[in-house]
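Here is a short, friendly tour of one structure, with a look at some strands and at the empty spaces between the atoms. Have the sequence and the 3D view open as you read.

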Amino acid sequence: MSIKIECTNEAPLDWDSWNRSTVANSSYYQSSSWANMLKKTEESKPYYVRIYQNGFLNAQVLIMKRFYYNLFTGKKKIIFPYIECLFGPICKEQVDSSVYVAFLKMIKKIAYRNMATYIQYIPCYMQKLSRFDKTAVLMDNGFVTKKWGTFLVDLAPDEELIFKEISPKARNKVRKAGKMGVSVRRMETYEEFANIFIPTLQAAKKEQGFVAYPAHEALWSDSKEGCHYYVAYADDTPLGCIGLIVYNGVSREISSGILGFSVQKKYPAQDILHWTLITESKRLGAKYYDLAGVNPSPEEKSKDASILSFKKKWGGSYLEYPMAKFDLIPKKDKLAKIVAKLLS
């Protein structure tokens, strides 16, 4: 079968509609909206790749060239980019492994052309392709893979039924939040996002030794699809915050942070924020709430183990997929050690 590849830096007019029609819940991270947001907030460059088989468009994938930044100065940590592809390619059901191999060759070509340090890749787990094993093809093409997963909460039932499906521990924490007077406020305007949500996120991340991104209008949405932000309070004191992105029937957590004193005072802020995301996702028209990535086999008492335990209790169905990486700088090289130090 003959394969032809087209690659452009501008989205074809039917890019998003083709994704939606091909996979019922294709990801925001394969949309032109995601590419445009990154172009506005950082020096990212999109590659819109279409793969034709015997003259028919059978797959397409958004690949991003990205950089690591110092969020205090807005400057690149290193001049070399990395290449990222999240939840793609979007494929016709009948495709075989030759289409997938063509995609992997193309993403490598883009990486080498841009002198990238590595490729970070997560396949589209909302689509099961029966004709080949993605993990096997990835490994055959030099990618290092590890098992990763997520939980999908079905939002079709009534809110009361969804609440019954979450664990007793989670239900008790949500009720406890109400008894302690914890409330959650949705940011209604960009000004509230910039002046309330972002400072709360930045304060929470600073306590943990991290840096949060600054406010930017590209991160705000007034429509049902797009970004939405929430802050938990005890009286008028912020306890923590969380964001939500809704796209094509799926909602997904972004940008969360809990302040240290909230944990010390045993406010169940994380729980009430996540329950709010479930109810808000349903209100905004999503069909599924995606709790985002978890390590299915974490080390005992590790951070990954805590994350798995927390996300497991919200009653979602478990989906597993490979997370893959392709290093373009061998770890034995001196340059690899310098890059690792700069990015630490």
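In what follows, a residue is called buried when its relative accessible area is under 20%. With that in mind, strand β2, residues 45-53, is a good place to start: eight of its nine residues are buried. Please remember that this is a predicted model, and that the spaces described below were found by computation on it.

**Strand β2 and its partners**

- Strand β2 is mostly covered, and it pairs with β1 as well as with β3.
- β1, which spans residues 3-8, runs antiparallel to β2 and is joined to it by six bridges.
- To find this pairing in the view, look for E6, whose bridge partner in β2 is R50.
- Strand β3 covers residues 56-66; nine bridges link it to β2, and these two strands are also antiparallel.
- A handy marker here is Y52, which stands opposite L57 in β3.
- How many residues lie between β2 and β3 in their hairpin? There are two, and N54 in the turn has a positive phi of about 55°.

**The cavity**

- A search of the whole structure turns up one cavity of 30 Å³ or more.
- The space in this largest cavity comes to about 170 Å³.
- Its lining consists of 16 residues, and those closest to the centre are S27, Y28, V250, R252 and D290.
- Two elements, β12 (237-247) and β13 (250-258), each give two or more residues to that lining.
- Sorted by class, the cavity lining holds ten nonpolar, four polar and two charged residues.

**The second largest pocket**

- About 280 Å³ of space lies in the second largest pocket.
- Which residues lie nearest the centre of this pocket? They are Y28, S33, M37, A218 and G226, out of 19 lining residues.
- The elements that give two or more residues to the pocket lining are α1 (15-22), α2 (32-41), β11 (226-234) and β12.
- Among these, α2 gives the most, with four residues.
- By class, the pocket lining has nine nonpolar, five polar and five charged residues.

**Where the two spaces share residues**

- Y28 is listed among the residues closest to the centre of the cavity, and it is also listed among those nearest the centre of the second largest pocket.
- Strand β12 gives two or more residues to the cavity lining, and β12 likewise gives two or more to the lining of the pocket.

Notes: Residues numbered from 1 in each chain as written. Predicted model: local features only at pLDDT ≥ 70, side-chain atom pairs only at ≥ 80, totals over all residues. Heavy atoms only, no water. 1 Å grid on protein atoms, 1.4 Å probe; cavity = no way out; pocket = protein on both sides within 12 Å on 5 of 7 lines; lining within 4 Å. Points joined across faces, edges and corners; volume = space filled by probe spheres on them. Nonpolar A, V, L, I, M, F, W, Y, C, P; charged D, E, K, R; others polar. Buried < 20%, exposed > 50% of the residue type's maximum accessible area, 1.4 Å probe, protein only. Pairing = 2+ DSSP bridges.
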